[in-house]
Amino acid sequence: MSNIFDRLSTSSPINRGAGVAVGARGVHYEPKLDNSRVTLDAPPRMRPVPHDAPDLIGLQFGRFRVVGLSAELNGRWVVRCVCGKYEFRTARAIRGEHAELDKCSYCQHLDHLKYHDHVQQFGAARASAMQNEDRARSMAAK
Ligand SMILES: [Zn+2]
């Protein structure tokens with residue numbers, strides 16, 4: 001006769017919370033992101049950088065690295081986030097004053113979740129302070 005743990009491990013979780021607790025396969029989590037930005041899993045088509053344009057390939061800013069010039073979107077550079085997602089940025093955004101804090105929509109969403117979790121755990125004042133520390137750390141890391 002099989003023991004209770006064997007039977008539990010082969011049965012499906014009774015609900016979503018139980019599924020998370022036992023590490024069972026659950027529903028894939030896909031965050032609702034603001035659709036103003038295009039975020040891609042695979043690199044989009046790129047074109048050679050014209051001779052009269054500044055070559056930004058290889059440049060790092062925020063969590064991004066510039067990987068090429070978009071073939072479809074005029075004046076948009078293809079940037080790759082440390083998490084592996086691809087987005088588009090203008091040269092102005094890459095060189096802008098907020099560039100060092102830039103990240104893809106997914107990373108931004110995770111930061112947002114982290115902040116709200118900290119608000120619940122430590123209160124708004126401490127959560128804001130922790131967020132500022134994180135930002136200062138990523139600025140200093142450059
Ligand atoms: Zn990212």
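Four cysteines hold the zinc ion: Cys81 (SG), Cys83 (SG), Cys104 (SG) and Cys107 (SG) are its protein donors, 2.2 to 2.3 Å away. The model is predicted. Strand β3 (residues 64-70) is largely enclosed by the rest of the structure. The structure also holds one aromatic pair.

**Zinc site**

- The site of the zinc ion is tetrahedral, with angles of 100 to 114° among the four donor atoms.
- Along the chain, the donors follow the spacing C-x1-C-x20-C-x2-C.
- Cys81 counts as buried because its relative accessibility is 1%, and the cut-off for buried is under 20%.
- Cys83 has 41% relative accessibility, so this donor counts as partly exposed.
- Cys81 also belongs to a strand, since β4 covers residues 77-81.

**Strand β3 and its partners**

- Five of the seven residues of β3 are buried, so the strand is largely enclosed.
- Strand β1 (residues 46-47) is joined to β3 by two bridges, and the two run antiparallel.
- Within that pairing, Arg47 stands opposite Leu69 in β3.
- Strand β2 (residues 60-61) is also antiparallel to β3, again with two bridges.
- Here Phe61 stands opposite Phe64 in β3.
- Strand β4 (residues 77-81) pairs with β3 over five bridges, in the antiparallel sense.
- Leu69 has Trp77 as its bridge partner in β4.
- Leu69 thus has a partner in two strands: Arg47 stands opposite it, and Trp77 is its bridge partner in β4.
- In a regular strand, side chains alternate between the two faces of the sheet.

**Hairpin turns**

- β2 and β3 form a hairpin with two residues between them.
- Gly62 lies in that turn and has a positive phi of about 55°.
- β3 and β4 form a hairpin too, with six residues between them.
- Gly75 lies in this turn, and its phi is positive at about 70°.

**Aromatic contacts**

- One aromatic pair is present in the structure.
- The pair is Phe61 and Phe64, and it is tilted because the ring planes stand at 40°, with the centres 5.5 Å apart.
- Phe61 counts as buried because its relative accessibility is 1%.
- Phe64 has a relative accessible area of 1%, so Phe64 is buried.
- These two residues also stand opposite each other where β2 meets β3.
- Elsewhere, Lys85 lies over the face of Tyr106, at 4.1 Å from the ring centre.

Conventions
Residues are numbered from 1 along each chain as its sequence is written. This is a predicted model: local features need pLDDT of at least 70, side-chain atom pairs count only at pLDDT 80 or more; totals for chains, interfaces and linings use all residues. Side-chain values use heavy atoms; hydrogens and water are left out. Donors are N, O and S atoms within 2.8 Å of the metal (3.2 Å for Na, K and Ca); water is not among the atoms, so sites may look incomplete. Four donors count as tetrahedral if all angles lie between 85 and 135 degrees; four count as square planar and six as octahedral if opposite donors are over 155 degrees apart and all others between 65 and 115; anything else is irregular. Buried means under 20% relative accessible area, exposed over 50%, partly exposed in between (1.4 Å probe, protein chains only). Helices (H or I, at least four residues) and strands (E, at least two) are DSSP runs, numbered from the N terminus. Two strands pair if DSSP finds at least two bridges between them. Rings of Phe, Tyr and Trp (its six-membered ring) pair if their centres lie within 6.5 Å; planes under 30 degrees apart count as stacked, over 60 as edge-to-face and the rest as tilted. A charge sits over a ring if NZ of Lys or CZ of Arg is within 6 Å of the ring centre and within 35 degrees of the ring normal.
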